[in-house]
Amino acid sequence: MRESACECERSYAPNLSQILHLMNSPELQKKIANDKGRLAGMLKDNKPDEQILNEFYLRSFSRNPHPDELKDATAMLASAKDRKSALEDFEWMFLNSKEFIFNH
């Protein structure tokens, strides 16, 4: 039984195997890069970067990005040489964030 609903009591520190799995998992990479995955579908539908990023934030953090987060992310994507690869990197970043670990 839970004594408190306070997030301050939850440990954000994953163990070593969780860290290595999230950072190096070939299975996760296959899912992120899958030609039938969500990202591939959004790219096929020519969705703009801002819309894709909004979906990433909603799916990962259950919230919309803050204006400064969206501004920084769109600027990074605009300077990327390979859009698909850069968006895959964003998915990895979200999966390895403390906010994602707390939400999921």
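**Briefing: helix packing in an all-helical predicted chain**

Of the contacts in the chain with a separation of 6 or more, 63% are accounted for by residues 24 or more positions apart. The model is predicted, and its chain has seven helices and zero strands. Read from the N terminus, the elements run α-α-α-α-α-α-α. The points below cover the chain totals, three helix pairs, and two individual residues, Phe-56 and Lys-98.

**Burial and surface**

- The chain has 104 residues, and buried residues make up 30% of them.
- About 7500 Å² of the chain is exposed, and carbon and sulfur atoms supply 53% of that area.

**Helix 2 with helix 6**

- Helix 2 spans residues 26-33 and helix 6 spans residues 83-95; their axes come within 10 Å and cross at roughly 130°.
- Helix 2 is therefore oblique to helix 6, an angle in this class being neither roughly parallel, roughly antiparallel nor roughly perpendicular.
- The crossing in which helix 2 passes helix 6 is right-handed.
- On the helix 2 side, the residues are Leu-28, Gln-29, Ile-32 and Ala-33, and they meet Lys-84, Glu-88, Glu-91, Trp-92 and Leu-95 of helix 6.
- Classified by residue type, this contact of helix 2 with helix 6 contains five nonpolar, one polar and three charged residues.

**Helix 4 with helix 5**

- Helix 4 (residues 49-61) packs against helix 5 (residues 67-78) at an angle of about 125°, and the axes are 10 Å apart.
- At that angle, helix 4 is oblique to helix 5.
- Helix 4 passes helix 5 in a crossing that is right-handed.
- Helix 4 contributes Asp-49, Glu-50, Leu-53, Asn-54 and Tyr-57 to the contact, while helix 5 contributes Glu-69, Leu-70, Ala-73, Thr-74 and Leu-77.
- The contact of helix 4 with helix 5 comprises five nonpolar, two polar and three charged residues.

**Helix 5 with helix 6**

- The axes of helix 5 and helix 6 come within 9 Å of each other, with a crossing angle of roughly 145°.
- Ala-73, Met-76 and Leu-77 of helix 5 make this contact with Ala-86, Leu-87 and Phe-90 of helix 6.
- The residues in the contact of helix 5 with helix 6 are six nonpolar, with no polar and no charged residues.
- Ala-73 and Leu-77 of helix 5 take part in the contact with helix 6, and Ala-73 and Leu-77 are also among the helix 5 residues that meet helix 4.

**Phe-56, a buried residue of helix 4**

- Phe-56 is found in helix 4.
- Phe-56 counts as buried because its relative accessible area is 2%, whereas the class requires a value under 20%.
- Apart from neighbours within four places in sequence, Phe-56 is in contact with Leu-39, Met-42, Phe-61, Leu-87, Phe-90, Glu-91 and Phe-94.
- Phe-90, one of these contacts, lies 34 residues from Phe-56 along the chain, and the C-alpha atoms of the two are separated by 8.3 Å.
- Leu-87 and Phe-90, which are among the contacts of Phe-56, also belong to the contact of helix 5 with helix 6.

**Lys-98, an exposed residue of helix 7**

- Lys-98 is found in helix 7, which covers residues 98-103.
- Lys-98 counts as exposed because its relative accessible area is 58%, the class requiring a value over 50%.
- The C-alpha atoms of Lys-98 and Phe-61 are 10.0 Å apart, although 37 residues separate the two along the chain.
- Phe-61 is also one of the residues in contact with Phe-56.

Methods:
Residues numbered from 1 in each chain as written. Predicted model: local features only at pLDDT ≥ 70, side-chain atom pairs only at ≥ 80, totals over all residues. Heavy atoms only, no water. Axes fitted to C-alpha atoms, helices over the stretch in contact; angles between N-to-C directions. Helix = DSSP H or I, 4+ residues; strand = E, 2+ residues; numbered from the N terminus. Parallel < 35°, antiparallel > 145°, perpendicular 65-115°, else oblique. Left-handed = near helix turned anticlockwise from the far one by under 90°. Contact = heavy atoms within 4.5 Å. Nonpolar A, V, L, I, M, F, W, Y, C, P; charged D, E, K, R; others polar. Buried < 20%, exposed > 50% of the residue type's maximum accessible area, 1.4 Å probe, protein only. Areas by Shrake-Rupley, 256 points an atom, 1.4 Å probe, with all protein chains shown as cover.
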